[in-house]
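Hi,

Here is the structure I promised to pass on. Have a look at it first, and then read my notes underneath.

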Amino acid sequence: MKKLIMTTTLLCSAFALPFATAGDVPHVTKYADGMALAKTDSMPLWENTKLDLQHIADIHLETNDGYREFIEAFGLQQLVDINPDPHVVEINLEAREDYVEMIPGIPSKVYTYNGTVPGPLIRGTVGDTLIVHFTNNLPEPTTIHWHGLRLPADMDGSSMSQNPIPPGESFTYEFELKEASLFWYHPHVRSNEQVEKGLAGALLVSEKKESVDDFIHATEQKILVLDDVLLDEHGQVEAFFNGTMEEILLKKIDGRSGNTLLVNGREMPTLHVKSGVPVRWRMVNIANTRFMRVVVPGHELTRIGGDGGLLEAPIHDGEDVFLVPGQRADIMFVPKGKPGSELIVYWKDSARGRHTIDIMDNGMVMMGDDEMDGNYPDIPLMRLVFEKSHKPAKELMLPEQLRTIEPIDITGAAETTLTFNHSMPMADGTIKFLINGKTFSEVTSDDAPDAQVGEIQVWNLVNMTGGDHPFHLHGFFFQVLETLYKDKEGNVLKVVPAPQLENVDMVNLPSRNGPAGSVSITKIAIDFSPAEGLTGADIEAHGGVAVIEDADLAIGKRGRSGGWQFHCHILEHADTGMMSFVEVFQ
Ligand code: C2O
Ligand code: CU
């Protein structure tokens, strides 16, 4: 058997990291200011950091402008930066099959980055260069897509910008970190299966200290990677689209929901919080399909950021925070509870247009509405244990304004309309998910929308289906203008005005509000400018970079047409066709 459980237990202590290990003993290098880094002789840090979530240390790392943030990885593997330059984060990353314990005591065979699920937390500061030496040791090709980042086209890792990296081969990703936010990384080849099997990790880009409020900056941050996985009775990830024809169709239509909810790769971890001491949770939803409504009962959560970093002003969200697959949230609150008592943070369902499927004896497929949609039972997500604080309890002291966000000026902007639909489900288990009537493998350069570098466009994202689709665009931020609902005759039934101004890379396209023929239309404004410091050539889809060498790849026959992908982030929808691309020209 492979090395299964080399548990390195990090004991909790304020500024040092005492280790207790089985096997190879890691050294802890302590620095004069009390910080510490761990490493072993025989292997890099990541080889033996199957962390015990019950006992996680605070790991205080220094950012390149010399100030310290309090970020607890909470069981996520931390990478060793092999580059001495403080403005360069250089790391080694390997995708390989391995065993991890998502459920304590049960090793599951999964795909990992550096041996863990989720992959290691990658950290940098705005302005740093990130260099990732990536090796694919999976039994199949893969790439890494840097979800949410503005970077040169040839670093995007999508199936439009890079030939999949074959097993045994390496590729170096290198780009500058342009914006501060929590991002994430995952493959863009058969992502429905590769992400489900464990390939995804968080990438935190911190603000420079002068651009963050002192109170927020002084608050300890925790990175929470939310996921679910569909495990069989042996604790193994279920094969791609398993089951009866009805079940297979349903997994394609509703997406694959897991039966095991994970926070930082573990089921029901325990998190210790000090009563009265504010916390900041940076959350990302990496699930294939599951919409995450996370409830902290009895607590008032304040959202201060999302996909594109800080909001303009804090939003009081009540006791829950909502993330569609791919989305991020940055929340703060003050935990309050009797020392020693526990609180269960739980997942709550939200309606997203789930269906039922019946295949009749005559082969007819009947699609209906799932009556339980929105009312599935709550699921416990993690346990908070309150500890006594020796300092007086604090309230959140947030500034009224967190930053300024320029609204994208849409005067004179060209409009593009994109429809999101699916074909009729068939008794043989096939169904196609479509953008403008085509699956991704059918889309050619002629169908793809075009944009000029620097152009501003308004996109009308028309959802013709009875289910929600979380829309994601690679490489550019956008702002949501409004969502309107129309009936079959085209009458406007309802207009949902713009939410608070925010730069995002995800927006949920809500299901239509009525029978076939009615639609929801979400309007977004996109700025196709390169991030500061990038050139038009860097982001041009035909700049000789976003080119697929082998026009006959399974992803389609489109020859030398690259582009920036957009798709539904329900990965079962993306991989059954709901994906397309925009070609950006100089
Ligand atoms: Cu999370 Cu195409 O990406
Ligand atoms: Cu979808």
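Before anything else, a word on naming: helices and strands here are DSSP runs, numbered from the N terminus, with at least four residues for a helix and at least two for a strand. Also keep in mind that this is a predicted model.

Let's start with a helix, then. Lys251 sits in helix α3, which covers residues 245-254. Is Lys251 buried or exposed? Its relative accessible area is 14%, and because buried means under 20%, Lys251 counts as buried. Setting aside residues up to four places away in sequence, Lys251 touches Leu230, Glu238, Phe241, Asn242, Arg256 and Glu572. Lys251 has company in α3, where Ile248, Leu249, Lys252, Ile253 and Asp254 are buried too. The cover over the buried residues of α3 includes the strands β25 (355-359), β26 (365-369) and β29 (433-435), along with helix α5 (571-575). Right after α3 comes Gly255, with a positive phi near 85°.

Next, the metal. Which residues hold the copper ion (ligand 2)? It is coordinated by His469 through ND1, Cys568 through SG and His573 through ND1, at 2.0 to 2.1 Å. Along the sequence, these donors follow the spacing H-x98-C-x4-H. His469 belongs to strand β32 (residues 469-473) and Cys568 to strand β37 (residues 564-568), so this pair links distant parts of the chain, 99 residues apart. Both His469 and Cys568 are buried.

Now look at Asp468, in the loop between β31 (456-463) and β32. Asp468 is buried as well, with a relative accessible area of 8%. Leaving out neighbours within four places in sequence, Asp468 is in contact with Phe291, Ala351, Arg352, Asn463, Asn508, Leu509, Pro510, Ser511 and Ile570. Try finding Arg354 too: its C-alpha atom is 8.6 Å from that of Asp468, although the two residues are 114 apart along the chain.

On to the nonpolar parts. In soluble globular proteins, nonpolar side chains tend to be buried together. Here, the largest nonpolar core has 65 residues, and the ones with the most contacts inside it are Leu130, Trp146, Leu203, Trp459 and Phe471. Strand β7 (residues 88-103) gives the largest share of this core, with 4 residues. There is also a second, separate core of 27 residues, and among its members are Trp281, Met283, Val294 and Val321. If you want one residue to click on, pick Trp146. Beyond its neighbours within four places in sequence, its contacts include Ile122, Leu130, Val132, Leu151, Tyr173, Phe175, Trp184 and Leu203.

There's a sheet to trace as well. In what order do the 4 strands of this open sheet lie? The order is β9-β14-β13-β11, with mixed pairing. At the edges are β9 (122-125) and β11 (145-147), each of which pairs on one side only. Ignoring direction, neighbouring strands of the sheet are turned by 25° against each other on average. Between β9 and β14 (residues 201-206) the pairing is parallel, over 4 bridges. As one example, Arg123 has Leu204 in β14 as its bridge partner.

Last come the charged pairs. Side chains of opposite charge can pair when their charged atoms come close. How many salt bridges are there? The count comes to 24, and these three are worth finding:

- Arg96 and Asp98 meet at 3.2 Å, N to O. Arg96 is buried, with a relative accessible area of 11%, and so is Asp98, at 1%.
- Arg293 and Asp320 meet at 3.1 Å, N to O. This pair links distant parts of the chain, from strand β19 (residues 292-295) to strand β22 (residues 320-323), 27 residues apart. Arg293 is partly exposed, at 22% relative accessibility.
- Arg383 and Glu342 meet at 3.1 Å, N to O. Here the link runs between strand β27 (residues 379-387) and strand β24 (residues 342-348), with the two residues 41 apart. Arg383 is partly exposed at 26%, and so is Glu342 at 48%.

Salt bridges with shared partners also join Glu94, Arg96 and Asp98 into one network.

Happy exploring!

Definitions and conventions:
Residues numbered from 1 in each chain as written. Chains lettered and ligands numbered in written order. Predicted model: local features only at pLDDT ≥ 70, side-chain atom pairs only at ≥ 80, totals over all residues. Heavy atoms only, no water. Donors = N, O, S within 2.8 Å, 3.2 Å for Na, K, Ca; no water. Buried < 20%, exposed > 50% of the residue type's maximum accessible area, 1.4 Å probe, protein only. Core = buried A, V, L, I, M, F, W, Y, C linked by side-chain atoms within 4.5 Å. Contact = heavy atoms within 4.5 Å. Salt bridge = Lys/Arg side-chain N within 4 Å of Asp/Glu carboxyl O. Pairing = 2+ DSSP bridges. Axes fitted to C-alpha atoms, helices over the stretch in contact; angles between N-to-C directions.
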